[in-house]
Amino acid sequence: MEKEIILDDNAFLVSETNEKGEIIFANDDFCEVAGFTVDELIGKPHNVVRHKDMPKKAFKSLWETIKSGNTWTGFVKNHRKGGGFYWVYATVYPTTTSEGTKGFLSCRRRDTRS
């Protein structure tokens, strides 16, 4: 059985991707909770943390929403490197990257399921 990691109340996970969904920024909270170093995340597709239990339809909806210029919010179950999982309440929205190209910013906090 997989172990669930519960985020600290003050944890605020932030990542930024380019238009292809490749990570170009990850803050310390995200790295710590996901179990990756920043160097392991940069350049990887954001789905490196996707948990197998998450329905593909959820991410299809997310991508359709943000690519149309709108903000997406919802609960997400993510996989940790080395095993385990964690739940977050995510807000993802389109942005312009520091290079001036289109990208997406994801801000996540402890989920409120319980």
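**Strand β3, its hairpin and the surrounding fold**

Asn78 sits in strand β3 of this predicted model. Its relative accessibility is just 5%, well inside the under-20% range for burial, so Asn78 counts as buried. Setting aside neighbours within four places in sequence, Asn78 has contacts with Val49, Arg50 and His51, and also with Gly84, Phe85, Tyr86 and Val88. Of these partners, Phe85, Tyr86 and Val88 fall in the stretch 85-96 that makes up strand β4.

That brings in the hairpin itself. Strand β3 covers residues 72-79 and runs antiparallel to β4, with 8 bridges joining the two. One facing pair along the ladder is Thr73 and Thr91, the latter in β4. Between the strands of this hairpin there are 5 residues. Gly82 takes a positive phi here, near 85 degrees. As for side chains, those of a regular strand alternate between the two faces of the sheet.

Just ahead of β3, the picture at Thr71 is another one. Thr71 belongs to the loop that links α3 (56-67) to β3. With a relative accessible area of 47%, Thr71 lies between the 20% and 50% cut-offs and is therefore partly exposed. Not counting residues up to four places away in sequence, Thr71 touches Thr65, Thr91, Val92 and Tyr93. Thr91 thus turns up twice, as a contact of Thr71 and as the residue opposite Thr73. Thr71 can also be placed relative to Leu105: the two are 34 residues apart in sequence, and their C-alpha atoms are 9.8 Å apart in space.

Stepping back to the whole chain, there are 3 helices and 5 strands. Along the sequence they come in the order β-β-α-α-α-β-β-β. The radius of gyration is 13 Å, close to the 13 Å that the globule rule gives for 114 residues, so the chain is as compact as a globular protein of that length. Along the principal axes, the C-alpha atoms fill a box of roughly 40 × 30 × 25 Å.

Buried residues account for 40% of the 114 in the chain, and Asn78 is one of them. Looking at contacts between residues at least 6 apart in sequence, 46% join residues at least 24 apart. The accessible surface adds up to about 6,800 Å², with 51% of it belonging to carbon and sulfur atoms. On the charge side, the chain carries 17 positive and 16 negative charges, and the mean positions of the two sets are 8 Å apart.

Technical notes. Residues are numbered from 1 along each chain as its sequence is written. This is a predicted model: local features need pLDDT of at least 70, side-chain atom pairs count only at pLDDT 80 or more; totals for chains, interfaces and linings use all residues. Side-chain values use heavy atoms; hydrogens and water are left out. Two strands pair if DSSP finds at least two bridges between them. Helices (H or I, at least four residues) and strands (E, at least two) are DSSP runs, numbered from the N terminus. The radius of gyration is taken over C-alpha atoms; the globule rule is 2.2 Å times the number of residues to the power 0.38. Buried means under 20% relative accessible area, exposed over 50%, partly exposed in between (1.4 Å probe, protein chains only). Contact means heavy atoms within 4.5 Å. Accessible areas come from the Shrake-Rupley method with a 1.4 Å probe; for residues, only the protein chains shown count as cover. Lys and Arg count as positive and Asp and Glu as negative; His and the chain ends are not counted. The place of a charge is taken as NZ of Lys, CZ of Arg, CG of Asp or CD of Glu.
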